[in-house]
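Welcome, and please open your viewer. We will go through this model one selection at a time, with a short note at each stop.

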2 protein chains.
Amino acid sequence: MAYATRALGALGDPTRRIIFERLAKRPRAVGELARGLPISRPAVSQHLAVLKAAGLVTDRADGARRLYRVDLAAIDAIRAWLDQFWDRTLDAFKAEAESH
Amino acid sequence: MAYATRALGALGDPTRRIIFERLAKRPRAVGELARGLPISRPAVSQHLAVLKAAGLVTDRADGARRLYRVDLAAIDAIRAWLDQFWDRTLDAFKAEAESH
DNA sequence: GGGTTGCGTAAGCCATGCCTTACGGTAAGC
DNA sequence: GCTTACCGTAAGGCATGGCTTACGCAACCC
């Protein structure tokens, strides 16, 4: 749950959402990501550090490169968080309708 | 889809997530929200404006007060966004496994 | 081993964003 | 009508965060 909120904080940045999108298609190295973005490679590296701290991605050494991939557990955590709000909101609607 | 990304941007702030949580339980007025938070009422009003612009909440006049409630459509949009990434990531895993 | 490629971290700059106080405007109560 | 309660917006201060350049280190190539 606090897992999900940290993930949402990380996905609040548009650049990190783009990085997250591209990693969802397939795992990539840092430089490969940077070449497709209008920011420097260290900037990408910093974004990846945030995503990693939020549990959204994992990294793995591949020679001199470092491959990042998305972590499905984080997606599931956010989904569970959302569903909880969905239920609460529906209950609130129902309670309000019955009070009339 | 761009709907979902704007919603994620709005939910990136922890205070807005708290406000969103409380509105999910039941609709509330601005002052009522502010009394339960360590920030001023205008600050809450600004947060609500962001949430509203992101399509996460709707507002309705109630006399001198203004009631805010969460919009279920936004939650659904985010969920659809997440599911899309879930599928992509699964496909990437599968493709990688088959390449071995 | 020298050179190249790939990466993380540090330091610093600068814009963005969140918060405050102050103000004006509308709706309810007496 | 006057006062009170509730709210949105403006203006400004200040911290946070995202970006850059510079540096150091490890892994491949020839």
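In which sense do strand E1 and strand E3 of chain B pair, and over how many bridges? Select residues 28-29 and 65-70 of chain B: these two strands pair in the antiparallel sense, over two bridges. Before you go on, keep in mind that this is a predicted model.

**Stop 1: the strands of chain B**

Stay with E3(B) and click on Leu67(B), which has Ala29(B) standing opposite. Now add strand E2 of chain B, residues 57-62, which runs antiparallel to E3(B) and is joined to that strand by six bridges. To see one of these pairings, pick Asp59(B), whose bridge partner in E3(B) is Tyr68(B). Then move to the hairpin of E2(B) and E3(B), where two residues lie between the strands. Gly63(B) is the residue to pick here, with a positive phi near 70 degrees.

**Stop 2: where the chains meet**

Next, show chain A and chain B together. Each chain brings 30 residues to the contact. In chain A, select Leu72(A), Leu82(A) and Trp86(A): these lose the most area to chain B, together 20% of what that side buries. The area buried between the two chains is about 3,000 Å², and carbon and sulfur atoms give 70% of that area.

For a charged pair, zoom in on Asp83(A) and Arg79(B), which form a salt bridge with their closest N and O atoms 2.4 Å apart. The count of salt bridges between the chains is two, and the count of residue pairs in polar contact is four.

Which elements of chain A each supply at least two residues of the side that touches chain B? Color helix H1 (2-10), helix H2 (14-25), E3 and helix H5 (72-98) to find them. H5(A) gives the largest share, 16 residues. By class, this side of chain A has 15 nonpolar, four polar and eleven charged residues.

**Stop 3: DNA strand C**

Turn to DNA strand C and display the 24 residues that surround this strand. The closest come from both chains: Gly31(A), Ser45(A), Tyr68(A), Ser40(B) and His47(B). Of the DNA atoms that come within 4 Å of the protein here, 58% belong to sugar and phosphate.

Three distances to phosphate oxygens are worth a look:

- Tyr68(A): an N or O atom of the side chain is 2.5 Å away.
- Gly31(A): a backbone N or O atom lies 2.6 Å away.
- Val30(A): a polar backbone atom is 3.1 Å away.

To see which elements each supply at least two residues of this surface, highlight H3 (30-35), H4 (41-53) and E3 (65-70) of chain A, along with H2 (14-25) and H4 (41-53) of chain B. The surface has ten nonpolar, eight polar and six charged residues.

**Stop 4: DNA strand D**

Finally, select DNA strand D, which 23 residues surround. Ser40(A), His47(A), Gly31(B), Ser45(B) and Tyr68(B) are the closest. Sugar and phosphate make up 60% of the atoms of this strand that come within 4 Å of the protein.

Start with His47(A), where an N or O atom of the side chain is 2.3 Å from a phosphate oxygen. At Ser40(A), a polar backbone atom is 2.7 Å from a phosphate oxygen. Then look at Ala64(A), where a backbone N or O atom lies 3.4 Å from a sugar or linking oxygen.

Notes. Residues numbered from 1 in each chain as written. Chains lettered and ligands numbered in written order. Predicted model: local features only at pLDDT ≥ 70, side-chain atom pairs only at ≥ 80, totals over all residues. Heavy atoms only, no water. Near = heavy atom within 4 Å. Polar contact = N/O pair within 3.5 Å; in protein donor to acceptor, adjacent residues only side chain to side chain. Helix = DSSP H or I, 4+ residues; strand = E, 2+ residues; numbered from the N terminus. Nonpolar A, V, L, I, M, F, W, Y, C, P; charged D, E, K, R; others polar. Contact = heavy atoms within 4.5 Å. Buried area = accessible area lost by both parts, 1.4 Å probe. Salt bridge = Lys/Arg side-chain N within 4 Å of Asp/Glu carboxyl O. Pairing = 2+ DSSP bridges.
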